[in-house]
Amino acid sequence: MKATITKLALSVAVASLTLAGVAQADDAPKAGGDIVVTYQNDVATLDPAIGYDWQNWSMIKSLFDGLMDYKPGTTELVPDLAESYTISDDGKTYTFKLRHGVKFHNGREMKASDVKYSLERTVNPKTQSPGAGFFSSIVGFDDLASDKSDQLRGVTTPDDYTVQITLSAPDATFLHVMALNFASVVPKEAVDKWGADFGKHPVGTGAYKLADWALGQRLEFVKNSDYYKPGIPYLDKIDFEIGQEPTVALMRLERGEVDIAGDGVPPARFLQFKNDPQHQKLMVTGDQLQTGYLTMNVTMAPLDDVKVRQAINMAINKDRIVRIINGRAKPANQPLPPAMPGYDKSYQGYPYDVDKAKALLAEAGHPNGFDTELYVMNTDPQPRIAQAIQQDLANIGIHAEIKSLAQANVIAAGGDKDQAPLVWSGGMAWIADFPDPSNFWGPILGCEGAVSGGWNWAWYCNEKLDAEAQKADAMVAPEQQQARAELWGKIFTDAMVDAPWVPIFNEQRFTVHSARMGGSDALYVDPVHVPVNYDYIWVK
Amino acid sequence: MIWFITKRIAYAMLILLGVSFITYLLLYLIPADPARQIAGRSATAEVVANIRHQLGLDLPFYQQYLRYLGNLLQGDLGRSYVQRSEVAALIGSRLGATLQLMAAGIACELVIGIALGMLAALKRDSAIDRLLMAFSFIGVSSPHFIAAMLLLYVFAVKLAWFPMGGYGGVSHLLLPAITLGLLGSGWYSRMVRSSMIEVLHQDFIRTARAKGLTRARVILRHVLPNAITPVIPMIGIDIGIFMGGLVVVESVFGWPGIGQLAWQAIQQVDIPVIVGVTTVSAVAIIVGNLLADLIIPFIDPRIDIRKS
């Protein structure tokens with residue numbers, strides 16, 4: 001454990017060194033300039049209570065603010081609309097002091113009552129927010145969610161610049177929840193005015209204002225000159241052009257007509273961008289809070305034998321699978337992705353060792369292997385990955401039949417206790433909503449997810465580790481965070497002893513931008529402002 | 001005349017009812033749960049049930065369908081599950097662009113189709129004829145996606161004659177319209193060719209030549225008007241096929257029309273938008289056919305709709 005800590009500290013030091021180097025090499029940010037960003041699909045909505053896809057996620061972040069946010073390009077929490085916050089000793093009461101003089105785009109000052117209203121709006125079932133569940137730890141959530149009340153009892157406003165939130169149990173992830181888009185502060189009068197169409201007429205406190213939206217064609221974000229952070233944003237205007245085929249968008253980018261190709265690099269062009277030095281300069285690579293994994297249903301024979309699961313872990317050639325997807329990922333050895341706090345760099349995982357796998361399988365009483373089924377989503381490249389897994393399994397005598405189905409059907413099969421022995425998670429894989437390891441446990445490896453219709457497709461339920469997880473989530477004090485991350489890391493590597501998953505790879509993200517764009521690379525693959533942090537990028 | 005139109009409109013209504021029923025049923029049967037999709041992964045079972053109830057998805061199929069029809073009669077196409085805005089507004093904002101591209105695309109089809117058909121008929125059985133007919137065959141059978149990409153690459157990227165996709169003035173419109181025209185012209189050129197060959201053999205053509213008219217005048221004044229009649233109803237039928245091509249061509253060229261909307265909605269399983277676009281397309285096809293039937297008597301007085 002000690003070795004781990006030293007290594008961690010060392011890597012942090014190295015990381016900060018590199019960051020400093022980058023900061024020096026870059027010129028100082030310049031204000032001004034208009035840029036063009038393209039996307040293929042319509043922007044679904046800019047309502048922060050509803051928008052939940054990787055395209056509108058950072059757009060909403062640029063239009064709205066919440067009490068908390070992250071340092072640009074990192075996963076480090078910082079207060080945003082809150083000036084400061086305090087946490088009570090029992091970890092249940094959060095008191096946020098708001099900034100004075102923060103104005104909505106309509107000119108009115110943001111007050112504590114707006115924060116309360118916004119949280120209640122997201123939780124209110126009439127809003128139909130996909131993020132309502134994140135706030136379940138607030139006192140009074142159940143009453144509001146079941147329509148018994150129209151308020152959140154746990155949220156109070158002692159004065160115009162103070163918000164107090166009481167939780168039913170300590171929750172170390174609560175500050176992350178307050179940084180989610182779903183906790184953005186919205187003005188009631190604008191929501192009332194536009195009703196269900198608020199998402200087309202967003203009014204927030206963010207760095208940009210929506211100036212124009214021609215449905216299906218373009219959106220225009222202009223700088224909010226009243227933004228409370230002086231000098232931010234750097235850009236005067238962002239034109240989002242909608243409806244561009246990703247391949248066409250890249251051709252236009254090469255010609256200088258487009259600054260950021262929002263949809264990234266289509267597979268057909270990927271190798272060119274990866275290998276050609278001219279193109280390489282334009283592509284930024286970043287980590288995603290994502291892991292692709294193979295679940296093994298621990299309640300179904302013969303996968304209920306830990307030796308069989310370990311054998312499968314050793315049988316799969318992850319490097320080959322990464323090659324199948326043109327190297328758009330890195331092989332994984334544990335459930336947590338490397339960018340997540342708690343990731344154990346010293347953990348080696350199971351080696352790729354076919355002979356050992358065969359021996360383990362024989363020890364478990366299956367020297368000739370067995371027949372099983374592998375569920376997979378039916379869009380490329382998932383079936384090809386499943387075939388690679390199938391071949392690897394065949395090498396140790398396990399005959400897996402591939403069941404290639406539509407996404408909804410695979411999710412349903414995984415959520416049914418005796419249906420899917422093996423599921424390849426690709427195309428449905430868990431991408432963390434916020435950079436905290438707890439988001440990677442409960443729903444997909446904890447007992448709470450091992451229910452009918454749940455996401456724990458391995459049906460892994462280890463009560464001892466669940467108790468540890470609860471202990472970790474009760475560690476709310478800032479000075480406990482390092483210990484908490486380590487505890488989480490240990491929970492995940494301990495789970496790997498039982499081998500409910502084969503962690504296969506961590507997908508990476510690729511953003512392509514024109515040569516004239518400035519700002520550190522981290523802004524273009526921001527782990528939170530997915531895909532790009534529009535507030536801090538600038539034009540050279 | 002009035003009777004004919006009334007009858008056609010009554011048929012049209014029945015067809016629309018059938019189309020909406022089949023679309024609605026198909027989408028009801030696909031294994032996607034819109035309530036779960038809206039609620040997100042963090043949702044509890046109660047939240048999902050609550051949303052299902054609000055959308056009326058917990059009702060039996062016939063009630064859902066009747067509800068949809070009732071709203072449709074009032075011009076309400078519902079709200080998109082993904083975008084949460086009115087389907088009518090989404091379609092309305094894209095209708096203009098689609099009509100523009102449709103008009104330009106069909107005009108290109110006609111110009112290219114008729115010109116090539118005439119040329120092939122006049123040079124019948126020559127190398128040119130065979131080449132043109134082979135071309136028309138390739139045109140109608142080539143996949144729109146590949147062809148559109150190819151044209152975009154050659155004319156917009158390599159030669160830079162046109163802008164690379166997007167919405168705008170005539171320069172933006174031309175390339176997608178020509179793509180649609182080239183790919184769809186095969187139907188027309190083959191039709192014009194065969195009907196022209198037929199007309200060329202008729203007695204009155206020989207008479208016209210015999211009375212000393214020039215070859216050009218014979219073709220333009222006597223052959224073409226007679227040979228072109230079957231093209232008109234063909235346009236009506238073609239609108240249906242054309243819509244299919246529109247979906248792909250709009251997506252490739254980034255043309256903000258209904259086809260692109262349909263393409264996105266299908267990928268996101270946005271059922272109200274899919275049903276809405278299907279209904280609007282069905283209306284377009286029916287109206288197109290009706291118009292074609294009504295216009296024909298003006299072009300060819302021998303056709304009398306009162307007798308049909």
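How many residue pairs are in polar contact between domain 1 of chain B and domain 2 of chain B? The count is 0, taken over pairs with both residues at pLDDT 80 or more; a polar contact is a pair of N or O atoms within 3.5 Å, where within protein one must be able to donate a hydrogen and the other to accept it, and residues adjacent in sequence count only if both atoms are side-chain atoms. This is a predicted model, in which local features need pLDDT of at least 70, side-chain atom pairs count only at pLDDT 80 or more, and totals for chains, interfaces and linings use all residues. Residues are numbered from 1 along each chain as its sequence is written, chains are lettered from A in the order in which they are written, and side-chain values use heavy atoms, without hydrogens and water.

**Domains of chain B**

- Domain 1 of chain B spans 16–73 and domain 2 spans 94–307, with bounds from an automatic or database domain assignment.
- Their centres, taken over C-alpha atoms, are separated by 38 Å.
- The contact (heavy atoms within 4.5 Å) takes 11 residues from domain 1 of chain B and 11 residues from domain 2 of chain B.
- Across this interface there are 0 salt bridges (a side-chain nitrogen of Lys or Arg within 4 Å of a carboxyl oxygen of Asp or Glu).

**Disulfide**

- Over all chains the count is 1 disulfide, defined as a pair of cysteine sulfur atoms within 2.5 Å.
- A:Cys447 and A:Cys461 form a disulfide with their sulfur atoms 1.9 Å apart.
- The link of A:Cys447 and A:Cys461 is right-handed, with 95° about the S-S bond.
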